[in-house]
Amino acid sequence: MDLIALSRLGGRHLVTLHLLLDSQSVTRTAERLCTTPSTVSKTLNQLRGLLGDQLLYRQGNQLLLTPFAERLGPTLHRLLSELNSLTSQGGFDPATWQGQLKFALRESGMVWPMGPILGQLMREVPGLVPDIWNKDEQGLTALAAGKLDFVILPHDQSQPLPRQPGLVWETLREDKLVCLLRAGHPALNKPWDLDAYLSWRHIAIRDQELANPFFEQSLAQLQVRRQISATLPDFGSAAALLRQSDLILTAVKGWAEQAMSRDLVIRPVPFDYGAVTHSLVWYGPAGEEPARCWFRQRILQLARELG
């Protein structure tokens with residue numbers, strides 16, 4: 001261990017580097033540190049000399065991370081979490097805590113189940129500033145790299161889950177699947193069964209991190225398949241198309257009931273598709289920091305209390 005070299009690398013350097021790796025912006029880092037961009041640039045130059053790497057380089061009008069900086073991100077995140085826990089031994093006080101909490105989820109997840117949960121959290125922790133990302137922009141890889149605090153994912157319970165090292169999955173809320181159709185859909189005038197379900201075209205929801213839904217595999221075992229006529233990024237945009245077409249959307253019940261309006265009708269899924277759940281995912285070592293630990297436990301508790 002080179003103690004002399006470590007003594008030159010202070011907490012200010014580490015925090016600045018963490019924010020630079022997170023935002024890839026000198027200006028945004030300066031704003032979060034309540035300092036000037038020139039001060040951040042000076043610290044970045046010191047870091048380059050201390051670590052022997054460019055860390056960030058400019059391409060056009062963007063700052064990009066070097067391979068070394070990409071590898072450094074998760075280690076730095078864990079180190080700062082452990083250092084923060086040393087200064088937070090007195091525990092977590094919701095009334096006085098101030099800071100950001102970074103989530104990634106589907107847009108529809110804000111309708112259900114995270115909208116009600118976050119609303120309650122913001123009442124209990126007045127200093128909380130949620131920073132919400134679409135999970136296709138920042139997902140499980142970003143979580144493992146320390147760029148997020150939590151990811152919320154709906155998925156089939158039998159679905160194989162991505163296994164990044166250090167990620168912890170816990171059931172946030174169990175759910176069911178339902179079918180959504182527009183009011184006036186011709187299928188509503190006939191018996192609703194598997195043949196009816198398969199005779200109409202469907203909307204699929206794109207997911208870059210999870211495998212095909214288990215209910216698709218269930219259909220394959222029955223030696224049948226859906227006719228996919230549109231693939232969209234989220235349930236909300238799918239519902240907008242649903243209102244203008246005779247397509248069918250298979251979606252989680254919690255969201256469907258919250259998003260219901262007079263122009264949409266719910267029907268049951270006419271086959272055995274297994275169980276569906278929403279999972280809360282976090283990075284294990286960082287999750288033991290007092291604030292994250294409190295938020296994790298409170299989020300899980302509030303999810304259990306949802307009607």
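## Sheets, helices and salt bridges in a predicted model

Helix H10 (residues 235-242) lies across E7, E8, E9, strand E10 (248-252) and E11, and runs at about 150° to E10. Keep in mind that this is a predicted model.

Let's start with the sheet that H10 lies across. What is the order of its strands? Five strands make up this open sheet, in the order E9-E8-E10-E7-E11, and the pairing is mixed. The edges are strand E9 (227-232) and strand E11 (264-268), each of which pairs on one side only. On average, neighbouring strands here are turned by 35° against each other, direction ignored. At the E11 edge, strand E7 (residues 177-182) and E11 run antiparallel and are joined by five bridges. If you want a residue pair to click on, Leu181 has Val265 in E11 as its bridge partner.

### The other five-strand sheet

There is another open sheet of five strands, ordered E4-E3-E5-E12-E6, again with mixed pairing. Which strands sit at its edges? Strand E4 (127-134) and strand E6 (167-175) do, each pairing on one side only. Neighbouring strands of this sheet are turned by 25° against each other on average, direction ignored.

Working in from the E6 edge, E6 pairs with strand E12 (residues 276-283) in the antiparallel sense, over eight bridges. Within that pairing, Arg173 has His278 in E12 as its bridge partner. E12 also pairs with E5, again in the antiparallel sense, over six bridges. On its E3 side, E5 runs parallel to E3, and two bridges join them.

Val151 is a handy place to look at both sides of E5. Ala104 stands opposite Val151 in E5, and Val151 in turn stands opposite Val281 in E12.

Is strand E5 mostly covered or mostly open? Strand E5 (residues 150-156) is mostly covered, with seven of its seven residues buried. Side chains in a regular strand alternate between the two faces of the sheet. In E5, Phe150, Ile152, Pro154 and Asp156 point one way, while Val151, Leu153 and His155 point the other way, and all are buried.

### Salt bridges

Side chains of opposite charge can pair when their charged atoms come close. How many salt bridges does the structure hold? It holds 10 salt bridges. Here are some of them, with the N to O distance for each.

| Basic residue | Acidic residue | N to O distance |
|---|---|---|
| Arg32 | Asp22 | 3.1 Å |
| Arg106 | Asp207 | 2.9 Å |
| Arg298 | Glu124 | 2.5 Å |

Take the Arg32 and Asp22 salt bridge. The pair links distant parts of the chain, with Arg32 in helix H3 and Asp22 in helix H2 (residues 11-23), 10 residues apart. Arg32 is partly exposed because its relative accessible area is 39%. Asp22, at 15% relative accessibility, counts as buried.

Next comes the salt bridge between Arg106 and Asp207. These partners are 101 residues apart: Arg106 is in the loop between strand E3 (98-105) and helix H6 (114-124), and Asp207 is in the loop between strand E8 (201-205) and helix H9 (214-221). Is Arg106 buried or exposed? Its relative accessible area is 9%, so Arg106 is buried.

Then there is the salt bridge of Glu124 with Arg298. This one links helix H6, which holds Glu124, to helix H12 (residues 290-305), which holds Arg298, with the two residues 174 apart. At 23% relative accessibility, Glu124 counts as partly exposed, whereas Arg298 is buried with a relative accessible area of 16%. Some salt bridges also share partners, joining Arg106, Lys135, Asp136 and Asp207 into one network.

### Helices H3 and H4

Back towards the start of the chain, helix H3 (residues 26-33) packs against helix H4 (residues 37-51) at an angle of about 110°, with their axes 8 Å apart. That angle is why H3 is roughly perpendicular to H4. Which residues make the contact? From H3 they are Val26, Thr29 and Ala30, and from H4 they are Pro37, Val40 and Ser41. Four of the contact residues are nonpolar, two are polar and none is charged.

Lys42 also lies in helix H4. With a relative accessible area of 56%, Lys42 is exposed. From Lys42 to Pro67 is 25 residues in sequence and 22 Å in space, C-alpha to C-alpha.

Technical notes. Residues are numbered from 1 along each chain as its sequence is written. This is a predicted model: local features need pLDDT of at least 70, side-chain atom pairs count only at pLDDT 80 or more; totals for chains, interfaces and linings use all residues. Side-chain values use heavy atoms; hydrogens and water are left out. Axes are lines fitted to C-alpha atoms, for helices over the stretch in contact, and angles run from 0 to 180 degrees between N-to-C directions. Helices (H or I, at least four residues) and strands (E, at least two) are DSSP runs, numbered from the N terminus. Angles under 35 degrees count as roughly parallel, over 145 as roughly antiparallel, 65 to 115 as roughly perpendicular and the rest as oblique. Contact means heavy atoms within 4.5 Å. Ala, Val, Leu, Ile, Met, Phe, Trp, Tyr, Cys and Pro count as nonpolar, Asp, Glu, Lys and Arg as charged, and the others, Gly among them, as polar. A salt bridge is a side-chain nitrogen of Lys or Arg within 4 Å of a carboxyl oxygen of Asp or Glu. Buried means under 20% relative accessible area, exposed over 50%, partly exposed in between (1.4 Å probe, protein chains only). Two strands pair if DSSP finds at least two bridges between them.
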